[in-house]
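This briefing concerns covalent and aromatic contacts between side chains. The structure is shown first.

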Amino acid sequence: IPVPVPVPVLALALVLVVSATRSPYQAVLRHSRIRGSQQGPNVCAMQQLKGTNRKYFTTCKQWYHRKVCGKPTVVSYECCPGYEKIPGERGCPAALPLVNIYSTLALVGASTTQMYSERAKLKEDIQGPGSVTFFAPSNQAWAALPTEILDALVSNVNIELLNALHYHMVNGRLTSAELKHGSSFTSMYLTSPSTSTSTATGSCSTPIVTVNCARLIKPDQHATNGVVHVVDRVITAVSNTVNTIIDMDDNLETLRTAMAAAGLTSLLDSEGQFTVFAPTNEAFQKIPQETLNRILGDPVALRDLLNYHILKHMQCAESILSGTPMETLQGTVLEVGCDGDQMTLNGNAIVTEKDQLGTNGVVHYISELLIPDSAKVLLELAESSSVTVATKLFVEAGLASHLTGSEPLTMLAPLDEAFRGSGVMTPELRKLLRNHLVKGRLSSSALYHGQELETLAGLKLRVFVYRNNLCIENACIAAHDKTGRFAALFTVHKVLTPPTGTIMDVLMEDERFSLLVDALQKTGLVELLSQQGALTLFAPTNEAFYALTPAEHSALLGNREELLAVLRYHLGDALLVSGGMSSHARVKPLQGDKLELAVRNYTMYVNKVPVTDADFMATNGVVHAVRSFIKPLRESPPQEGDEL
């Protein structure tokens, strides 16, 4: 026995989603005409997803990539809308006759809609005078309708079928140009209100128009008494809000409880055009119980988590042809995309059920909970970043309590490749890691040159701002900040080297610089390198001294003034760490014209001399080791570069 469809199910407003703000259909149709023009007049190029009946007017992006939703397509050529072939003639030279809506339905692949219109005694209305817009399901759309629903419709043509067809109709002629963001229309079924939304795409994107998540596959089919837009499914209306959909489904019980605890129930009952990615009960169960309990017990984190699952605008699955960042109510973005027939979030195909429509939006069911950074503790931020080795070492160093608590901290987390060797825990490394935790939840955009930061171990770290880089001591920021519930994470290129003394202290503790220390003592530069300042010393190692010929050695060390001049030329009057370098830079030495700096293959060069070991951090500067003395370069035409 067919199950009748209740009338309220067919009483929802038409909800349109348009992915461009200016005549999207006309723009993409024009491109398809250009691509099909070699086949003859009024021929359009179409791209069909392999293995399916889904076709799209082609755009420049699709034309060159031959893909839709990441899947390959084949190109076919068809008559553009409003034209037909003539036997023996090239292309599609004949314009379709302009007839009434009833007759137009048969011409545009909606003959089943025409048949049902006649059964429901709607024929006279769409044949006669007036102006009507008909969102007409294609023949394939009717064939795909579940049997029990179709039987219920056609068993009572005077009520259910007539109401269903009226629900697809709007008084007045609405072309695709009118289907813009924020526009609002009223269907002919019980004058139920309808709304439309749109999202902008780039000039090389494919504009997609949907009505109640049904894609318009043949828009703007003009008739004498209106316009027909052929859609790819029969539109079933509902009268429930998004909140009611969630409230009625036992599989969303945990989400319902969380929504109520966060005070979001009334929001999803209000007017709007929301998109909710609804985690199922199973999705919540996949999260460690400790993490879930923490978030559920924290109103701020819970609200952020739930708002991260809600888009500001309605987004049907059919309107997506590639990945697009979309803003959530939480304030950050989700990458909403597709992989073939599957809808994806942040690249993952976790959408299990699509396009559950409500009067104020749409619900997509997902199998995994999405946790935004703003709801995570520091350890969770690190675990979701490309700092696997650092995360492991922080825990091994006994710092887990700091990473999971509510203490305001900022982690300086080196990339995995920054750790040389196996990353085995030692007392020195344990102490060093405490200096990678800075007090306060910081933002890199608020840091300034010369700022001092205090570490968990009580050490002071300096901030250096360069033209294209921002560094904390020798560790320069490698990626965007991650800001969690209580703490923040900065990914950095290198393991931090905290300053342990002055430049002279650094040199005296390293046997490689013993001859340089003797030379500095002879010239009286020890005091300069022991007092406060911000210098960069390109420090010649003992090898540099051994490389001198006897005559050079005698001339250099036998003349105090010459030795002083040479050493002052190795001292830059600015503090420059290797990570702060751009491709070309200059630094002014204490004596002489300039030092030309460059980076090639991750190696720093000064006047074409390679730095063999960089970033010995000192309280009054930095030391970079070189194996030969630096000499002034020959004069060359000025080049564009960064002056430091």
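The torsion about the S-S bond of Cys213 and Cys316 is about -65°, so this disulfide is left-handed. A disulfide is taken as a pair of cysteine sulfur atoms within 2.5 Å, and by this rule the count comes to 5 disulfides. The model is predicted: local features need pLDDT of at least 70, side-chain atom pairs count only at pLDDT 80 or more, and totals for chains, interfaces and linings use all residues. Residues are numbered from 1 along each chain as its sequence is written, and side-chain values use heavy atoms, with hydrogens and water left out.

**Disulfides**
- The sulfur atoms of Cys213 and Cys316 are 2.1 Å apart, and both residues are buried (under 20% relative accessible area; exposed is over 50%, partly exposed in between; 1.4 Å probe, protein chains only).
- Cys44 and Cys80 are joined with their sulfur atoms 2.0 Å apart; this link is right-handed, with 110° about the S-S bond.
- Both Cys44 and Cys80 are buried.
- In the disulfide of Cys79 and Cys92, the torsion about the S-S bond is about -85°, so the link is left-handed.
- Cys79 is partly exposed at 25% relative accessible area, whereas Cys92 is buried at 0%.

**Aromatic rings and charges**
- The whole structure holds 4 aromatic pairs (rings of Phe, Tyr and Trp, the last by its six-membered ring, with centres within 6.5 Å; planes under 30 degrees apart are stacked, over 60 edge-to-face, the rest tilted).
- The ring centres of Phe545 and Phe629 are 5.0 Å apart and their planes lie at 80°, so this pair is edge-to-face.
- Phe545 and Phe629 are both buried.
- The charged end of Arg600 sits over the ring of Tyr605, 4.0 Å from its centre (the rule requires NZ of Lys or CZ of Arg within 6 Å of the ring centre and within 35 degrees of the ring normal).
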